[in-house]
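I am opening a notebook on the structure below. The plan is to look things up one at a time and write down what comes back.

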Amino acid sequence: MPIKLMLRNVLAHPLRALLTIGSVMVAVFLITLLHAAVAGLDATLQQASANRLLVQSAVSLFVDLPLSYQQKIAAVKGVEAICKWQWFGGRYEQDKGGFFAQFGVDHDTFLLSYPEIEIAEGSAAGFTTERTACIVGCDLAAKYGWKLDQTVPIAGTIFQRTDGKPWEFVIRAIYRSSKTSIDQNTMYFHYDYLRESLETGGARGPEGVGVYMLRVLPSTDTLQLASAVDALFENGPQRVQTTTEAEFNRQFVSMLGDVPGLLKLIGSAVLFAIFFAVLNTMIMAGRERTRDSGVLKALGFGNLVVGGMLVFEGLLVCGLGAIAGAAVVKLLEAPFQAILSARLPGFAFSTQSLLLGCGLAMLIGLVSGIVPGLRVARLTTVQALREVD
Amino acid sequence: MNQPADIEIRHVTKCYSRGGQTLRVLDELDMQMAGGTFYALMGPSGSGKTTLLNLVGGLDTADQGEVVIAGENIAQLSSGQLARWRANNVGFVFQGFNLLPVLTARENVELPLLLAPINRRQRRAQAERALELVGLSDRMNHKPSELSGGQEQRVAIARAIATAPSVILADEPTGDLDRVTADQVLELLQLLNQQLKKTILMVTHDPRAASFADKIVHLDKGKLGRIDDNPTRPATAGR
């Protein structure tokens, strides 16, 4: 009967109950989403390789390094391979509003340095032997319906061809990644193709290299190696900063600001807003039922039962909201993963994220129920019976 | 407790603080009420009628003195013990009926039975018997909002007698009812007193309502004025 009474009390104001359950549902979904995003960022950073270092300008990532640095860095003891990375920043001719990353890389060392990149279609040889060849991620290929051997026209923004035409890259391989630190939405092409075009006047744009990626020999002290590389260019012409891949990724994310902190802040704000909304609902419910509580006390029900009914009512409303939120998460899992995995490869709605969302919803329900529950429990029977609605 | 319960009030004092002032609502009150008798409690506003009713019902505690019901001094009980005592020994009928609006008539009557050591079927049967007794068998599944004021009060009386308490306390039970309906409710209380030997203590301002009682207790400024026998008590309507 007390359970029936609680259910009937909740259903006595169906619109209010529905709105409260709806707000908890939205909160559970948002918290799960934000937690999944933060966890995705962390996962991406965690999966970074321990035996890769990145050399960038000490001034900024946006300042290119001279090409002449490659040989000097390659000669440092412990460097197994070196690979240039240059941000291309072009736009796909058929989807100028869309965005995906393109990088010019050293075709001969790139695939060797990234064993997590697996060729799904085509061949590594096809990519390495042809000057205009490129390798694209399987998600990117699926997005645009690209096939092997297809020519992809990319309009340069930083690097523009002098004949005014777009750059043309031929897809010779499609890759998939075994780690979330490498996304499946990027195009890699020959850096040499870019350099030669610049040198021969076929294109214009800055000459240089965005970053040098170093693959480190096993059992090499990466910190010592990084210091050695930095020391090489201490007197210029361009000072460098060498970091581990994880640190590089972390700095890259922090260029946008404290993204995890911001996401946590948004999550906390959502949580507080919903907490106050549910608390307000429960306080209203408690006040409306003060006289009923007095009647129950007069009939012989103890303070614990009378107060506990409001606590369970709070838990019931938030529990229903959590269930609805979990259902929404399951429903939107696939589309959200498809949208966010391009920018956040580690993103996934984990059970842990969902449990966190549901757990916080139940906590909100508990606290929101305890506040009016304590109030009615503390009132004497006479005080409760005197209460006017 | 099936035997008629005597009620003894011994030197009871109850004070309230209002606006920084202490009001002595009951002032060393002494009185005795015989078990199985229907008492009407009358007096001007502020004379302590409802306070006395609350003390006898264990809804409130006296600052001083003893409230002895069927030999048990309930002034010594803790709030938890008082709650259990109320569940077993007292039935309440309030002026505003105080039925839970989300429950049906039968569910309202079943409420106090939740605290009794009986199963669901017994609980339901007992609630239905109480509703039959007050003439509401055909309204068992109606919610309070679907009942008239008189029917609501009869449901409240059914709830008060569901656990077979020996004492029924009624606070202005006819205050919100028209005269015909009020008479029906009062006849019902009279019937419970005469046939089931319930001790009934009813607070009222209405001399007509008081005329249904065996004895009329007059309170004045927290003290006992007098207790009158009621020779004009009407005969119980046959049911």
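The entries below go from whole chains to single residues.

**Entry 1: status of the model**

I note at the start that this is a predicted model.

**Entry 2: chain A as a whole**

I looked up the secondary structure of chain A and found 14 helices and 13 strands. I then checked the radius of gyration of chain A, which is 30 Å, whereas the globule rule gives 21 Å for 389 residues; chain A is therefore more spread out than a compact globule. Along the principal axes, I read a span of about 95 × 45 × 30 Å for the C-alpha trace of chain A.

I asked next what share of the 389 residues of chain A counts as buried. The share is 51%. For contacts in chain A between residues at least 6 apart in sequence, I noted that 81% join residues at least 24 apart. I have the accessible surface of chain A down as about 18000 Å², with 62% of that surface belonging to carbon and sulfur atoms. Chain A carries 32 positive and 32 negative charges, and the mean positions of the two sets are 11 Å apart.

**Entry 3: chain B as a whole**

I repeated the lookups for chain B, which has 7 helices and 10 strands. How does the radius of gyration of chain B stand against that of a compact globule with 239 residues? Chain B has 17 Å and the globule would be near 18 Å, so the two agree. The C-alpha atoms of chain B fill a box of roughly 50 × 40 × 40 Å along the principal axes.

I recorded 55% of the 239 residues in chain B as buried. Of the contacts in chain B with a separation of 6 or more, 69% are between residues 24 or more positions apart. The accessible surface of chain B is about 10300 Å², and 44% of this belongs to carbon and sulfur atoms. In chain B I counted 27 positive and 27 negative side chains, with the centres of the two sets 5 Å apart.

**Entry 4: aromatic pairs**

I counted aromatic pairs over all chains and got 30. I picked out A:Phe88 and A:Phe169, an edge-to-face pair at 6.0 Å centre to centre with 90 degrees between the planes. A:Phe88 sits in the loop between strand E2 (79-87) and strand E3 (91-92) of chain A, while A:Phe169 belongs to strand E9 (residues 167-177), so the pair ties together parts that are 81 residues apart in sequence. I checked burial for both A:Phe88 and A:Phe169, and both are buried.

I also asked which residues ring pairs link into a cluster. The cluster consists of A:Trp85, A:Trp87, A:Phe99, A:Phe103, A:Phe110, A:Tyr114, A:Tyr175 and A:Tyr188.

**Entry 5: A:Gln184 and A:Ser23**

I located A:Gln184 in the loop between E9 and strand E10 (186-190) of chain A. Is A:Gln184 buried or exposed? The relative accessible area of A:Gln184 is 19%, and the cut-off for buried is under 20%, so A:Gln184 counts as buried. Leaving aside neighbours within four places in sequence, I found A:Gln184 in contact with residues including A:Gly137, A:Cys138, A:Asp139 and A:Leu140. A:Tyr175, A:Arg176 and A:Ser177 are also among the contacts of A:Gln184.

A:Ser23 is in helix H2 (residues 14-46) of chain A and is buried at 17% relative accessibility. I took the C-alpha separation of A:Ser23 and A:Gly137, which is 39 Å, with their positions 114 residues apart along the chain.

**Entry 6: residues of chain B**

I found B:Ser17 in strand E1 (residues 7-18) of chain B, where B:Ser17 counts as exposed at 61% relative accessibility. From B:Ser17 to B:Arg121 I have 47 Å, C-alpha to C-alpha, and 104 residues in sequence.

I then looked for positive phi values outside glycine. Most residues other than glycine have a negative phi. B:Glu28 has a positive phi near 45 degrees; B:Glu28 lies in strand E2 (residues 21-33) of chain B and is partly exposed, at 44% relative accessibility. B:Lys221 is not a glycine either and has a positive phi of about 50 degrees. I placed B:Lys221 in the loop between strand E9 (215-220) and strand E10 (223-229) of chain B. With a relative accessible area of 68%, B:Lys221 is exposed.

Terms used. Residues numbered from 1 in each chain as written. Chains lettered and ligands numbered in written order. Predicted model: local features only at pLDDT ≥ 70, side-chain atom pairs only at ≥ 80, totals over all residues. Heavy atoms only, no water. Helix = DSSP H or I, 4+ residues; strand = E, 2+ residues; numbered from the N terminus. Rg over C-alpha atoms; globule rule 2.2 N^0.38 Å. Buried < 20%, exposed > 50% of the residue type's maximum accessible area, 1.4 Å probe, protein only. Contact = heavy atoms within 4.5 Å. Areas by Shrake-Rupley, 256 points an atom, 1.4 Å probe, with all protein chains shown as cover. Lys, Arg positive; Asp, Glu negative; His and termini not counted. Charge placed at Lys NZ, Arg CZ, Asp CG, Glu CD. Phe/Tyr/Trp six-rings, centres within 6.5 Å; stacked < 30°, edge-to-face > 60°.
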